[in-house]
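Colleague: Could you give me a close look at one part of this model, the interior and the space left in it? A short stop at the backbone on the way would be welcome too.

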Amino acid sequence: MSGNKRYFRRLSGYYAWFCACFAGFLLALTMLEKEGMPRLWIGHLFMFATIALYATIGVVSRTSNVTEYYVAGRRVPALFNGMATAADWISAASFISLAGGLYLYGFDALAYIMGWTGGYCLVALLIAPYLRKFAQYTIPDFLAARYANGAGGRGGAVRAIAVGATIIVSFIYVVAQIYAVGLIASRFTGVDFSVGIFLGLASILVCSFLGGMRGITWTQVAQYIIILVAFLIPTMWLSAKHADNPLPQVAYGSVLPKLAQRETQLAQDPREAEVRARFRRDAEDYDAKLAALPASWEQGKLEAQRRLDTARLRNVSLAEVRNAERALAAYPKTPEDAEGLWREQRARLLARSRPPQPHAAPFPGATEAESNARRNNFLALVFCLMFGTAALPHILMRSYTTPSVHEARGSVFWTLFFILLIYLSIPALAVLAKYDIYTSLVGSDFRSLPTWISYWANVDKVHPLISVTDINGDGLVQLAEIAIDGDVLVLATPEIGGLPYVISGLVAAGGLAAALSTADGLLLAISNALSHDVYYKLVDPGASTQKRVTISKLLLLAVAFIAAYAASQKPADILSLVGAAFSLAASTLFPPLVLGVFWKRANGAGAIAGMLVGFLTCLYYMFRTNPALGGRMDAAWFDIASMSAGIFGVPAGIAAVVLVSLLTAPPSRASNGLVDYIRAPE
């Protein structure tokens, strides 16, 4: 038996034992819950047992060898690399937010599944095998070597820009993952959101700090198993509950018509119309305030101050005084701030004033122009996610870890297989959970609301993740009175479906595994880019292997704490952050990567121009259209949302590479020789 086969069998034995122990752990907790173990203890056991598992793998896999630290020794079998890459890929956005996005936006959110899945096909066809044959450590390595020599060669500059792009893209993405870690930890351990972030950070660092890619790889295989079990159990439970069939994909087809019928009933319910009319009136109040600026801002500030003074003079409760103080402190500081905030609040009220959007209707809109705008945004988002996937540094790095080019291709196949096990169930989960809420919660009495609502409402008291308010005072829950954050749906699914709390803990462990696995890969991509591509390649080429690994570990530690601080500020929702990262990756890295493989005439000057033009075009459009960055959607081109800015950045980047390469001298023979080598049959 060859060494590779023995290694594969040994790994299979390890993970078979892991699966058996994990099943025993679930069974033991189920029995303890029946015996009366408090829920908080179950949540703590799930959180800390899984973190201890990842820490143990990280300690066992610790290494100071450069090849092991950067690329896991280039000996990860295709099957296990596929599982590790799937865990790396199934981030908090996929596990936590994607089903929530489908719940909120229906058909439109299928763009995420189509874009991310299609992106992996691009990775398999256009990039992964060629990077593996190049056999270095990072994406900037490949770009610097491809564009290094001869006229038009700018290897150092190309490397520096590629490192910058890797850091920016990966940092935005990792902030979203750490935000999810804080959300899960705060819900299931009872600690403050910011404390939860740093608890999760400790788990991230144990794996990536000690073992690098080696430790991350074997941790991610275990994390994928947890992710798969955690996602499928509640989904199959809801499937059996509403369709008498445990296969979610089959249940999806039978429950969707029932949901459409319920949506029609709610759209025609006069009590729903009454609540929506209240939201429209409130939106009109904001219209009046916006029209009267700056006088309305001054009047509002005086009114907030008057309420605080009145509360103090009347000697009311301390809580009322504190509320008045907070209201004054939160009041916009300038008329410009007021305009931005009031427009945002007006848009939110108008959204809640509309009838429920049919879940299965493609691109619904009040007018043909609105429907066309939604179609354009759907296609633009698919485009950005596909090309962004094909350029994400932490995913492409996994191409370097397999023993051969053949194994790299096989690894992409297994990655797609393991991803689809989750992705084909996500639309079903969204429909099943939506049908459960529409039939069980809507129409129920406010005095008997399920306990999971109060649990999740108290996770973040500043920005509640779920809110159910009796707007029309009839004592019954209307759909329009429910405001739910998409990031909550999957984590609350076991409680929505009436499952034992052990399954809630399991889902939390799965969400934590998804966030941690992706965060590990992203942090390693950033630290490797800084230590290998900046320190070793540009600052100290004579550094020893031990020093290079040490520098990488220190940089990883610094970046991790900066990202944790940024996540604690709650800069945006998870899907928005992820969308921005994909657009920037697509705009900056995709053009030089693909043209560098398939077009010999591309040179260093063209690569630099392409990366800069693509990045700046994408960034400009984000600042132009994103309200959080000071932009406005009425300045959008073709009504494209800011998260799909890559639809403009990618063509601009490709055009810049082609134009500048044709206007400057061709690359050297060495550069063309590299292209011939990586494209030659194995």
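Modeller: Happy to, and let's begin on the backbone: Asp 639 sits in the loop between helix H24 (604-625) and helix H25 (646-663), helices being DSSP runs of H or I with at least four residues, numbered from the N terminus. This is a predicted model, in which local features need pLDDT of at least 70 and side-chain atom pairs 80 or more, while totals for chains, interfaces and linings use all residues. Residues are numbered from 1 along each chain as its sequence is written, and side-chain values use heavy atoms, leaving out hydrogens and water.

Asp 639 has a positive phi, near 65 degrees, although it is not glycine. Its relative accessible area of 43% makes Asp 639 partly exposed (buried is under 20%, exposed over 50%, partly exposed in between, with a 1.4 Å probe and protein chains only). Asp 244, another non-glycine residue, has a positive phi of about 55 degrees. That residue belongs to the loop between helix H9 (193-243) and helix H10 (248-267), and at 72% Asp 244 is exposed. The loop between helix H11 (270-291) and helix H12 (295-313) holds Pro 294; the peptide bond leading to Pro 294 from Leu 293 is cis, with omega near 5 degrees.

Now to the interior. The largest nonpolar core has 197 residues, and Phe 95, Trp 116 and Leu 143 have the most contacts inside it (a core joins buried Ala, Val, Leu, Ile, Met, Phe, Trp, Tyr and Cys through side-chain atoms within 4.5 Å). H9 gives the most to this core, 19 residues. Apart from this core lies another, of 11 residues, including Val 275, Phe 279, Tyr 286 and Trp 342. Leu 143 is also one of the buried residues of helix H7; in H7 (residues 139-146), 7 of the 8 residues are buried. The buried residues of H7 also include Asp 141 and Arg 146.

What about the space that is left? There are 3 cavities of 30 Å³ or more (on a 1 Å grid over the protein atoms alone, a cavity is a set of points where a 1.4 Å probe fits but cannot get out; a pocket is an open set with protein on both sides within 12 Å along at least five of seven lines; lining residues have an atom within 4 Å of a point). Volumes are the space filled by probe spheres on the points.

The largest cavity has about 100 Å³. Of its 13 lining residues, Asn 81, Arg 398, Ser 399, Ser 411 and Val 412 lie nearest the centre. Helix H17 (405-423) is among the helices that each supply at least two lining residues, and H17 has the largest share, 4 residues. By class, this lining has 6 nonpolar, 6 polar and 1 charged (Ala, Val, Leu, Ile, Met, Phe, Trp, Tyr, Cys and Pro are nonpolar, Asp, Glu, Lys and Arg charged, the others polar).

The second largest cavity has about 50 Å³. Its 10 lining residues include Met 47, Ile 51, Ala 185, Leu 199 and Gly 200, the closest to its centre. The lining of the second largest cavity has 7 nonpolar, 3 polar and no charged residues.

Last, the second largest pocket holds about 550 Å³. Tyr 14, Tyr 15, Leu 53, Ile 57 and Trp 218 are the closest to its centre among 20 lining residues. Helix H1 gives the most to the lining of the second largest pocket, 8 residues.
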